[in-house]
Amino acid sequence: MKKYILSLLCLTCAISFSASAQLQKAQTANLLGLSFDFKTHDYILGEPVMITVKIRNQNTQRLVLGVPDVPETCQFEVRSFNSRGVIDPIKTPNIFTEPVVLQPGEAIERTLCLNDFYSFRTPTKYLVNVVADAFEYQFRTKPMVVSFVPGSALSTATQLFSDHPGLQRTFSLVAWPREQFEYLFVRIEDAPSNKMWATIPLGTLLRQNPPRIDISPEGEATILHRSSQYHFRRIVLWSLPNEIVIRDRDQIRDPDNAMAARITDLEQDIKAIADKNMSEADKKKKAKNDTSGSRKMLPASQLNEEEQKFLPPSKQTAHE
């Protein structure tokens with residue numbers, strides 16, 4: 001009997017402790033609102049990963065972030081999707097590098113490039129979340145999966161530098177579906193340093209014409225691809241040993257469709273000019289001609305006996 005009572009007391013204490021711990025955990029979670037989001041979850045290798053972080057102070061005390069050597073921090077955390085091991089960052093992944101004060105009820109939003117903190121060079125999946133230390137507690141978001149893919153290779157070009165004999169730069173045009181469309185990207189890598197430059201998105205792609213890339217001896221790289229049924233897109237890059245600059249972006253009308261489009265535009269312009277120069281008398285005459293073909297219907301009472309024979313019996317009227 002004593003053993004039964006003792007077991008019952010232990011069970012009651014365990015349930016009470018568990019309920020108290022869950023209540024404390026729920027109360028702690030309500031002290032800070034923490035969330036983040038991506039624009040998309042599939043990226044080409046080297047493509048900038050823009051991540052937006054939102055923080056709301058739901059406590060009655062103010063919160064100070066971004067101050068060195070204080071326990072309050074807010075950082076990214078990236079883990080391998082397969083091994084769940086933490087990935088070492090290039091630099092400390094602090095979201096706030098300058099002091100930020102959040103009064104009770106205040107919120108702040110920051111958008112950063114995750115590539116500034118981590119080197120994503122392998123086509124694989126990662127788990128990303130945000131971790132904040134505040135109010136003597138640690139807060140963690142639910143992890144999100146982000147994937148890196150090499151893309152479908154379409155074309156490559158190599159650039160050599162006369163003033164840097166050992167440097168070789170490769171431009172790779174790759175495609176990847178996104179939002180029900182196929183998009184074109186240029187991935188740029190250096191050898192032998194294995195440096196990966198930021199992948200540049202070039203817009204929608206139609207494979208009706210294969211994309212082309214030409215590199216001049218001076219380092220001007222021109223990429224041309226069909227973006228729609230009627231247009232091509234052209235991007236010009238200055239590729240220097242220590243820098244890559246986007247010099248120009250423009251849209252070019254397809255020459256095969258340009259003549260037909262110009263004729264249509266010309267016909268519309270001629271019609272607009274003719275309508276503008278039309279006199280009021282001509283407008284009234286034109287309106288009269290447009291309505292002259294329609295016959296005015298007379299009421300049944302105004303029709304003679306012969307004409308009423310063509311009407312239904314319910315519409316006919318008696319004549320003396």
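Leaving aside neighbours within four places in sequence, which residues is R249 in contact with? Some notes on that and a few other spots, bearing in mind that this is a predicted model.

1. R249 first. This arginine is found in strand β18, which covers residues 243–253. Setting aside neighbours within four places in sequence, its contacts are I200, P201, L202, R234 and I235. R234 sits 15 residues away from R249 along the chain, yet their C-alpha atoms are separated by 5.8 Å. As for exposure, R249 has a relative accessible area of 45%, and it counts as partly exposed because that value falls between the 20% limit for buried and the 50% limit for exposed.

2. On to the strand pairing. β1 (residues 32–38) is mostly covered, with five of its seven residues buried. Its antiparallel pairing with β3 (residues 50–57) runs over seven bridges. If you want a spot to look at in the viewer, try S35, which stands opposite K54 in β3.

3. Then the largest nonpolar core, which has 35 residues. I55, F76 and L114 are the ones with the most contacts inside this core. The elements giving two or more residues to it are β1, β3, β4 (63–65), β5 (73–80), β6 (100–102), β7 (107–113), β8 (125–134) and β10 (144–149). Of these, β8 gives the most, with five residues.

4. L114 deserves its own point. Not counting residues up to four places away in sequence, L114 touches F38, V49, I51, F76, V78, F120 and V128. F76 in that list is also one of the residues with the most contacts inside the largest core.

5. There is another core, lying apart from the largest one. This second core has 17 residues, among them I188, I213, I235 and L237. I235 has already come up, as one of the contacts of R249.

6. Last, the largest pocket. About 320 Å³ of space lies in it. The lining is made up of K39, T40, Y43, E47, P48, M50, R178, E179, Y183, F185, P201 and G203. β13 (181–191) and β14 (200–204) are the elements that give two or more residues to this lining. By class, the lining has six nonpolar, two polar and four charged residues. P201 ties this back to the opening point: it lines the pocket and is in contact with R249.

Technical notes. Residues numbered from 1 in each chain as written. Predicted model: local features only at pLDDT ≥ 70, side-chain atom pairs only at ≥ 80, totals over all residues. Heavy atoms only, no water. Buried < 20%, exposed > 50% of the residue type's maximum accessible area, 1.4 Å probe, protein only. Helix = DSSP H or I, 4+ residues; strand = E, 2+ residues; numbered from the N terminus. Pairing = 2+ DSSP bridges. Core = buried A, V, L, I, M, F, W, Y, C linked by side-chain atoms within 4.5 Å. Contact = heavy atoms within 4.5 Å. 1 Å grid on protein atoms, 1.4 Å probe; cavity = no way out; pocket = protein on both sides within 12 Å on 5 of 7 lines; lining within 4 Å. Points joined across faces, edges and corners; volume = space filled by probe spheres on them. Nonpolar A, V, L, I, M, F, W, Y, C, P; charged D, E, K, R; others polar.
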